[in-house]
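Reader: Hello! Could you take me through the reasoning behind the labels used for this protein?
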Amino acid sequence: MPKRCATGGNDMEKIHTGQCGLCSHFGENHKSDVLVTIRTSHEADLKILDECGHPKHSGLHLKVTPISGCDGFVPVAAA
């Protein structure tokens, strides 16, 4: 389940291809309305944190924001 940083807030920002919010590995171990909203609106609260499920990073248990990114980006399949 996506989590908010301790500071809370409601700072929205556009998400672009290559960023975690649009990557299939962002929160891939669960389904949530928040993830659906991020992926359909291409916009996210900057305080949201979720797990990176990329196989190369799984042992690190990374928590990333929707605007984070890496070379392992895999776009979410279109609905």
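Author: Gladly; what follows goes from the overall fold to a pair of side chains, and the model is a predicted one.

Reader: What makes up the secondary structure of the chain?

Author: One helix and five strands. Following the sequence, their order is β-β-α-β-β-β.

Reader: How do you know that K63 and E51 form a salt bridge?

Author: The rule asks for a Lys or Arg side-chain nitrogen within 4 Å of a carboxyl oxygen of Asp or Glu. For K63 and E51 the distance from N to O is 3.4 Å, so the pair meets the cut-off of 4 Å. The count under this rule is one salt bridge.

Reader: What makes this pair a tie between parts of the chain?

Author: K63 belongs to strand β5 (residues 63–64) and E51 to strand β4 (residues 48–51), so the pair ties together parts 12 residues apart in sequence.

Reader: Why is K63 called partly exposed?

Author: Its relative accessibility is 45%. Partly exposed lies between the buried limit, under 20%, and the exposed limit, over 50%, so K63 at 45% gets that label. E51, with a relative accessible area of 32%, is partly exposed by the same reasoning.

Reader: And how much of the chain counts as buried?

Author: Of its 79 residues, 33% do. The accessible surface comes to about 5,000 Å², and carbon and sulfur atoms hold 57% of that.

Reader: What share of the contacts between residues at least 6 apart joins residues at least 24 apart?

Author: That share is 67% in this chain.

Definitions and conventions. Residues numbered from 1 in each chain as written. Predicted model: local features only at pLDDT ≥ 70, side-chain atom pairs only at ≥ 80, totals over all residues. Heavy atoms only, no water. Helix = DSSP H or I, 4+ residues; strand = E, 2+ residues; numbered from the N terminus. Buried < 20%, exposed > 50% of the residue type's maximum accessible area, 1.4 Å probe, protein only. Contact = heavy atoms within 4.5 Å. Areas by Shrake-Rupley, 256 points an atom, 1.4 Å probe, with all protein chains shown as cover.
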